[in-house]
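Dear colleague,

I am passing on the structure we spoke about, with the sequence alongside. Please look it over first; my notes follow below.

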Amino acid sequence: MKLSEIKKILPTLDNVEFQLENGAFVPEHFHVTEVGSITKHFIDCGGVIRNEKVINFQLWNANDFEHRLKPTKLLHIIQLSEDKLNIEDLEIEVEYQSDTIGKYDLAFNGKTFILQNKSTACLAQDSCGIPAEKQKINLIELNNKASSCCTPNSGCC
């Protein structure tokens, strides 16, 4: 989800709720402690220099159990970050701590913001020696093919 998308959604909501893909909700007393821009400048294992840039939201739980972040307040925080940091309309990445700090993509299901699990991947599979995935064949199919062409006196052997 891009920053412009969340800015359109927030005014339509009564509450801001975040949910993990496993169904668990971020506790309703969470804070958004950071909104900013993160740039990652790196080289992949194939030697290609890359730049990635995302908008970062950091969610945090404190022991102030009565706290509730309203959509207008989050919209204000976003607008302040745009004014002060000149952030662009980029994809949003959310940091949220459970056992460790996790990074998530952001989606919306019509009511709740969904923290979508991210995973790592090789960006240069063609140049770093990862073998192509082999075609999977069901052994029973292999047996049927063999029996249809290799029978005694068929001349295939």
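Helices (H or I, at least four residues) and strands (E, at least two) are DSSP runs, numbered from the N terminus; in these terms, E95 lies in strand β4, residues 92–97. This is a predicted model, in which local features need pLDDT (the predictor's confidence in each residue, from 0 to 100) of at least 70 and side-chain atom pairs count only at pLDDT 80 or more, while totals for chains, interfaces and linings use all residues. Residues are numbered from 1 along each chain as its sequence is written, and side-chain values use heavy atoms, with hydrogens and water left out.

E95 is buried (under 20% relative accessible area, 1.4 Å probe, protein chains only) yet has no salt bridge, that is, no side-chain nitrogen of Lys or Arg within 4 Å of its carboxyl oxygens. K103, the nearest side chain of opposite charge, is 4.8 Å away. The side chain of E95 does make a polar contact with that of N56, at 3.5 Å (a pair of N or O atoms within 3.5 Å, one able to donate a hydrogen and the other to accept it).

Turning to the strands, pairing requires at least two DSSP bridges. Strand β6 (residues 113–117) pairs in the parallel sense with β1 (residues 18–20) over three bridges, and in the antiparallel sense with β5 (residues 101–108) over five. I114 in β6 stands opposite Q19 and is also the bridge partner of A107.

As to confidence, the protein averages a pLDDT of 89, but helix α3 (residues 139–149) has the lowest mean, 60. Where pLDDT is low, the predicted coordinates should not be read in detail.

Best regards

Technical notes: Buried < 20%, exposed > 50% of the residue type's maximum accessible area, 1.4 Å probe, protein only. Lys, Arg positive; Asp, Glu negative; His and termini not counted.
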